Amino acid sequence: MWRRVRNLQPVTIAVVVFTRDLRVRDNPALAAGCLAQHTVPLFVVDDAVVDHTMSANRLGFLADALVDLDASLGRLGGALVMRRGRWVDEVIGVARECGADVVHLAADVSHYAQRRRMALSAVAQDRGIAVVTHPGITVVPPGALLTGSATPYQMFTPYYRRWQVAPWRDPVAIPNAVSLPRAVEPGTPSVVADVRRPGLSPDVVAGGESVGLGRLRAWASEDLERYEQMHDAVADDATSRMSPYLHMGCLSPLEVAIRLRDRPGGAPFVRQLCWRDFFHKLLASNPALSWTDMRRRGTPSGAADEAFEAWCAGRTGYPLVDAGMRQLQMEGFMHNRVRMVAASFLVKDLDVPWQFGARHFMSLLVDGDIANNQLNWQWVAGTGTDANPHRVFNPIRQSQRFDPDGAYIRRYVSELADVDTGQIHDPSDVERARCGYPPRLVDHASAIAAYRARLETG
Ligand code: FAD
């Protein structure tokens, strides 16, 4: 659809709807939208998402990212137009307000994102507005790679081999300028203020493309080279901490992968980005995996009872598990190694369905991501891909191995701050009583024997 203005030149107006691609660098939807004469960069605070599925930590991060994006678009001569309400109605409303004939957005993978995009396309079609989706959420688009027999990959390792040699798209340049049409009112800061919620974790990181890029540069120059060697050393905090920036799209996963893959230490780091792609791909083709087992493994008997509450509160009596759960409360983040140990403890030692743990993680994680969170939980529970139900993490041995001096435990479990290293991984009853640290909720060996017996009987 063309709109004619005073000089009778046809004018194209494009709306670019940001979702979780909150950046100007390597943003294919934005780049495509800026080929039009006028562009409306739009973010709609979706009531359905904000009110029901997003934690205070992620909302705070989102608000920071929107402020930063608005500033970046401002430097290009534009602004971020913000609305709040029913997402489809608001997008169509803005498109009609400014006479746009096309809406660009990044393709996403969750059930909700896919349904929302389809609803938009249906309504837009009735009004003669085209909806065009673009890559940008992953390095390689979900569904782009198939096995030799043209079937989707189900296992990580063959997918990774293929992913490494597959042609990746070229990153797109930042647009030279963003020209807003006059008809549209930019958003107001009140929309952003409205997104923030009380109850942030005290040490949660700030969001935004600028912060993310700064952290990436600093981390890559200091720690990339030793990533393989150090990524499991939980006290050293030597991983990139890029996950929230990748989740909200403040950083382009493709650009990160291209920048780092050939540098010393880059290959093992970029392999982790492939795990991220792999889980996004699995979820895109089967969105039900967000809450249902990929492979059934019986029905756990546990529930949201006192044991679950003790796990959430970081009072299981297993110091590494408790340190992780308290890191989660303090920072909205947990080290990957400890996520695996804490998740295994909930599912295998306490026999609680993985969905309970996944929901609790989502309520606090600043990087909380349906694909990565739910499918990692399934991986640990043995219900997912690469499923090995016999994989069990011993919380004491993991602690001795990955936090040998107990520095991570002491940082987060204040009661244990002055306990000797010899006792830190599993204090004696006397030491626990002295420090006010709880007894073990269950005996790990007996709990795992019971878990194995349950596996045998199906
Ligand atoms: P780095 O080690 O620096 O890795 C770089 C990037 O690779 C990460 O930022 C992340 O995007 C990706 N990545 C790393 N490990 C994994 C992995 N196992 N699976 C998928 N992608 C990975 N990650 C999330 O982004 N959101 C979640 O909600 C989430 N929930 C998890 C729940 C459980 C039970 C487990 C075991 C893992 C979960 N992970 C999740 C994966 C992983 O723990 C985090 O991505 C990682 O700890 C983030 O820290 P980092 O950025 O320093 O990672």
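# Exercises on helix α17 and its surroundings

Helix α17 runs for 12 residues and covers 16 Å from first C-alpha to last, close to the 16 Å expected at 1.5 Å a residue. (The expected span is 1.5 Å times one less than the number of residues; helices, H or I with at least four residues, and strands, E with at least two, are DSSP runs numbered from the N terminus.)

A word on the ground rules. This is a predicted model, where local features need pLDDT of at least 70 and side-chain atom pairs count only at pLDDT 80 or more, while totals for chains, interfaces and linings use all residues. Residues are numbered from 1 along each chain as its sequence is written, and side-chain values use heavy atoms, with hydrogens and water left out.

## Exercise 1: the ends and the cover of α17

Work out how many residues of α17 are buried, what covers them, and what happens at the helix ends.

Step 1. Start with burial, which means under 20% relative accessible area; exposed is over 50%, and partly exposed is in between (1.4 Å probe, protein chains only). Nine of the 12 residues of α17 come out buried, so the helix is largely enclosed by the rest of the structure. Among them are Asn-373, Gln-374, Trp-377 and Trp-379.

Step 2. Look for the cover, using contact in the sense of heavy atoms within 4.5 Å. The elements over those buried residues include α12 (266-285), α13 (306-313), α15 (336-349), α16 and α22 (444-457).

Step 3. Check the ends. At the N-terminal end, Asp-369 acts as a cap, with a side-chain oxygen 3.0 Å from the backbone nitrogen of Ala-371. Just past the other end, Gly-382 has a positive phi of about 80 degrees.

## Exercise 2: pairing up the rings

Find the number of aromatic pairs, then classify Phe-361 with Trp-377 and Tyr-408 with Tyr-412.

Step 1. Set the rule: rings of Phe, Tyr and Trp (its six-membered ring) pair if their centres lie within 6.5 Å, with planes under 30 degrees apart called stacked, over 60 edge-to-face, and the rest tilted. That gives 22 aromatic pairs.

Step 2. Take Phe-361 and Trp-377: the ring centres are 5.0 Å apart and the planes sit at 75 degrees, so this pair is edge-to-face. It ties together distant parts of the chain, since Phe-361 belongs to α16 (residues 354-364) and Trp-377 to α17 (residues 370-381), 16 residues apart. Both Phe-361 and Trp-377 are buried.

Step 3. Now Tyr-408 and Tyr-412: with centres 5.1 Å apart and planes at 65 degrees, they are edge-to-face too, so says the angle. These two are four residues apart in helix α19 (residues 407-412), which puts about one helical turn between them. That fits the general picture: an α-helix has 3.6 residues a turn, so residues three or four places apart point the same way. Tyr-408 is buried at 1% relative accessible area, and Tyr-412 is buried at 10%.

Step 4. Finish with a group: one aromatic cluster includes Tyr-153, Phe-156, Trp-163, Trp-275 and Phe-279.

## Exercise 3: a loop with two positive phi values

Describe Asp-237 and Arg-241, and say which residues Arg-241 touches.

Step 1. Place them. Arg-241 is in the loop between α9 (227-230) and α10 (243-247), and Asp-237 lies in the loop between α9 and α10 as well.

Step 2. Check the backbone. Asp-237 has a phi near 55 degrees, positive in a residue other than glycine, and Arg-241, also not a glycine, has a positive phi of about 55 degrees.

Step 3. Compare burial. Arg-241 is buried at 15% relative accessibility, whereas Asp-237 is partly exposed at 32%.

Step 4. List the partners. The side chains of Arg-241 and Asp-237 make a polar contact at 3.1 Å (N or O atoms within 3.5 Å; within protein, one must be able to donate a hydrogen and the other to accept it, and residues adjacent in sequence count only if both atoms are side-chain atoms). Leaving out residues up to four places away in sequence, Arg-241 touches Arg-215, Gln-327, Glu-331 and Phe-333.

Step 5. Follow Phe-333 onwards. The charged end of Arg-339 sits over the Phe-333 ring, 5.1 Å from its centre (NZ of Lys or CZ of Arg within 6 Å of the ring centre and within 35 degrees of the ring normal).
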